[in-house]
Amino acid sequence: MSMQRSSLWAARLAGCAFVLALSSAALAEAQPVHRAPVVDRGDQPSLVTFGGDRAGISDRALVRWGALDLTHIRAEDAEMARAGERRVRIGVNRAAPLGDLRAPLDGEIVRARDGSVVWRLALQSEDAVGLRVHFPEFDLPEGGRLVMADADGGKIVSYTGKGPIGNGEFWSEPLYADTVLIEYQSEDDLATLPQIRISAVSHFYRLSSHDDGAAGERGSILCSLEDPNCHLNLGDPAQVTARDAVGRYTFMEGAFGFLCSGCLIEDNDPNTYAGYFLSAAHCVDSQSVANTMVIYWHYGTPQCVAPTPNLNNSPTSVGALLLGQSVSSDYSFFRLYEDPSDGQTFAPMSFNEPSSGQDVHMIHHPGGSWKRYSRGTFTGDDPFCAPSGSIHTWDWDIGMIEGGSSGSPLFNENFEVIGALTGICWYCIGEGCPQPNCDTNQSSWVNYGPRVTAAESLISSFLNTMAQEDEYEGNDELVESTPLPLGTHDLHLVDFDDYFTIELCEPGTITVSIDFDTGDMDANLKLLNSTGSPLRQELAPSGIGSVTGSFETGIYHIHVERISGWGGPYELVVEAGDDENENGVPDACEAPACPGDINGSGAVDALDLAIVVGNWGACPSPPCSWDMNGDGQVTAVDIATLLSFWGPCP
């Protein structure tokens with residue numbers, strides 16, 4: 001292969017994925033920002049215990065790996081790029097030195113300062129800027145959790161049950177230090193042992209292809225790294241939507257960890273925040289790899305020319321379901337295992353090709369760096385280095401494309417997504433052609449793949465799916481809480497929350513029970529007072545749970561909160577006092593159908609008068625049906641009241 005062809009091929013490998021689009025009649029500028037809600041995660045611990053002393057881990061509890069040969073690793077990176085690798089490699093997997101680690105056989109069991117008993121372990125890979133831990137076996141008893149933290153205290157994550165994917169096997173979220181602290185905590189102080197096995201760590205030797213290996217430090221500043229806040233009109237909701245819909249993600253494939261970019265896509269159901277995500281097939285093209293995806297959101301500067309952001313401050317999404325992909329067209333379409341809930345936005349798609357000469361925009365994570373911006377001009381011409389029929393751009397006048405940009409969205413002039421980046425090439429004549437630099441405009445063809453009707457049809461089918469709702473939908477916030485009758489209800493949880501109102505008209509007991517399929521979601525059932533403060537709550541890991549308590553008269557709220565999954569049908573049973581006529585209203589809250597008709601004969605007559613007179617004096621257990629004015633005793637006032645209703649009931 002000539003130096004010219006080699007240079008062109010290597011350049012082409014710097015980017016990523018296929019063009020897909022969707023139609024929108026209204027201009028994007030006129031559309032409101034479709035932004036995911038911010039919800040409280042709730043169960044994350046504030047601190048890893050470690051007996052209160054992170055520095056005092058014994059040798060038995062510490063597993064060490066030596067430093068990697070980065071000269072050799074970086075030479076491999078260069079060779080992988082020449083061989084066709086378009087992704088940015090950042091991690092190398094390292095097996096446990098003496099075989100798989102198991103709890104509680106490895107590590108140590110200690111008594112924490114609060115008297116509880118925990119199992120703990122520390123993993124150290126020398127000079128790593130970050131670590132991911134592989135759990136090929138993971139199954140915790142109910143009430144147990146595994147807590148992980150980096151030794152610098154920058155981030156803490158926790159896992160329960162069978163892990164974040166729910167199948168008992170996963171790669172942990174990255175923790176950015178060379179030492180990771182692990183602790184298993186249980187309600188029964190290890191009386192029931194967990195099934196925890198650790199086989200490997202992924203040693204991150206860099207955070208991006210631009211940094212010097214030091215976590216959070218700014219590396220080389222290239223002309224391709226243009227801050228979107230310096231170029232976007234942040235008063236335009238469409239441009240804010242485009243910026244905040246893009247995510248940087250890491251994933252595991254084979255023996256390595258990699259980086260790519262992708263974008264949340266807006267569906268056509270206004271009641272949902274479904275986490276549909278578009279990227280490139282050459283990044284992720286299988287379900288096993290999709291399970292390892294960790295997407296970082298809002299990894300960018302808060303304003304133009306601001307300090308370098310910290311990855312630990314970026315919310316994450318873990319794992320995705322691969323809905324469809326095409327290797328030949330180089331696109332992958334996912335739904336995140338947990339729909340976004342940290343203020344991300346959702347970019348609209350257009351399946352219409354732009355006109356020649358129109359501006360196109362890219363927002364991406366080149367090299368894995370924080371969020372960047374590029375702008376170019378669209379052309380429909382075929383490049384010499386991409387398949388005929390592809391969609392391309394020509395001449396970026398702001399920014400460039402690099403490895404790590406793979407899978408990032410291409411936006412039309414209205415900031416609607418029309419594809420995902422698959423590759424790039426540029427003209428170069430003669431051997432030893434230089435890479436584009438800041439002094440020369442990058443004359444590039446960016447390939448977004450051939451137009452494939454099947455791909456458009458597949459994506460549209462998901463975007464046009466409407467979530468099943470129930471008659472109470474629209475009750476996603478406390479202020480939208482809707483009255484719920486007593487009895488059994490077949491309901492459907494859409495998005496994150498359902499709120500209902502019930503009333504006690506006399507002191508009594510409220511019991512609420514829930515039943516749902518854990519394949520659809522995990523949910524938390526709460527009983528709240530009139531202002532929204534929790535009174536009782538029940539996390540129902542098995543899909544069945546209830547809350548109950550005795551309360552004074554007043555208004556109460558039921559809150560069904562989705563913890564994970566996509567929501568779905570559930571049954572709710574509500575009991576709050578007697579309901580003899582089974583109309584869903586507590587008897588105590590109903591006015592008598594015929595005041596004075598104590599015996600229910602259909603008339604107020606001498607028999608009712610006899611009941612009142614026969615119970616003269618204080619009521620033995622208020623309220624009493626013969627106490628006509630509700631003052632707790634029968635007097636002449638009650639007789640006069642009854643006589644005022646004399647005769648047949650209306």
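These legends describe close-up views of a predicted model.

**View 1. The largest cavity and the residues that line it.** In this predicted model, the count comes to one cavity of 30 Å³ or more, and about 30 Å³ of space lies in the largest cavity. The lining is made up of A67, L68, L70, E126, D127, H203 and Y205, which by class are four nonpolar, one polar and two charged residues.

**View 2. The aromatic pair of F411 and F415.** Aromatic pairs in the model number 20. In the one formed by F411 and F415, the ring centres are 6.1 Å apart and the planes meet at 40°, so the pair counts as tilted, a term kept for planes that are neither under 30 degrees apart nor over 60. F411 is buried because its relative accessibility is 0%, and F415, with a relative accessible area of 4%, is buried too.

**View 3. The aromatic pair of F551 and Y556.** Here the ring centres of F551 and Y556 lie 5.3 Å apart with their planes at 45°, and therefore this pair is tilted. F551 has a relative accessible area of 10% and so is buried, while Y556, at 8% relative accessibility, also counts as buried.

**View 4. An aromatic cluster, with an arginine over one of its rings.** The residues Y249, F251, F256, F258, F277, W297 and F334 together form one aromatic cluster. Over the face of F256 lies R89, at 4.4 Å from the ring centre.

**View 5. The charged end of R335 over the ring of W566.** In this view, the charged end of R335 is placed 4.3 Å from the centre of the W566 ring, over which it sits.

How values were computed:
Residues are numbered from 1 along each chain as its sequence is written. This is a predicted model: local features need pLDDT of at least 70, side-chain atom pairs count only at pLDDT 80 or more; totals for chains, interfaces and linings use all residues. Side-chain values use heavy atoms; hydrogens and water are left out. On a 1 Å grid over the protein atoms alone, a cavity is a set of points where a 1.4 Å probe fits but cannot get out, and a pocket is an open set with protein on both sides within 12 Å along at least five of seven lines; lining residues have an atom within 4 Å of a point. Grid points are joined across faces, edges and corners, and a volume is the space filled by probe spheres set on the points. Ala, Val, Leu, Ile, Met, Phe, Trp, Tyr, Cys and Pro count as nonpolar, Asp, Glu, Lys and Arg as charged, and the others, Gly among them, as polar. Rings of Phe, Tyr and Trp (its six-membered ring) pair if their centres lie within 6.5 Å; planes under 30 degrees apart count as stacked, over 60 as edge-to-face and the rest as tilted. Buried means under 20% relative accessible area, exposed over 50%, partly exposed in between (1.4 Å probe, protein chains only). A charge sits over a ring if NZ of Lys or CZ of Arg is within 6 Å of the ring centre and within 35 degrees of the ring normal.
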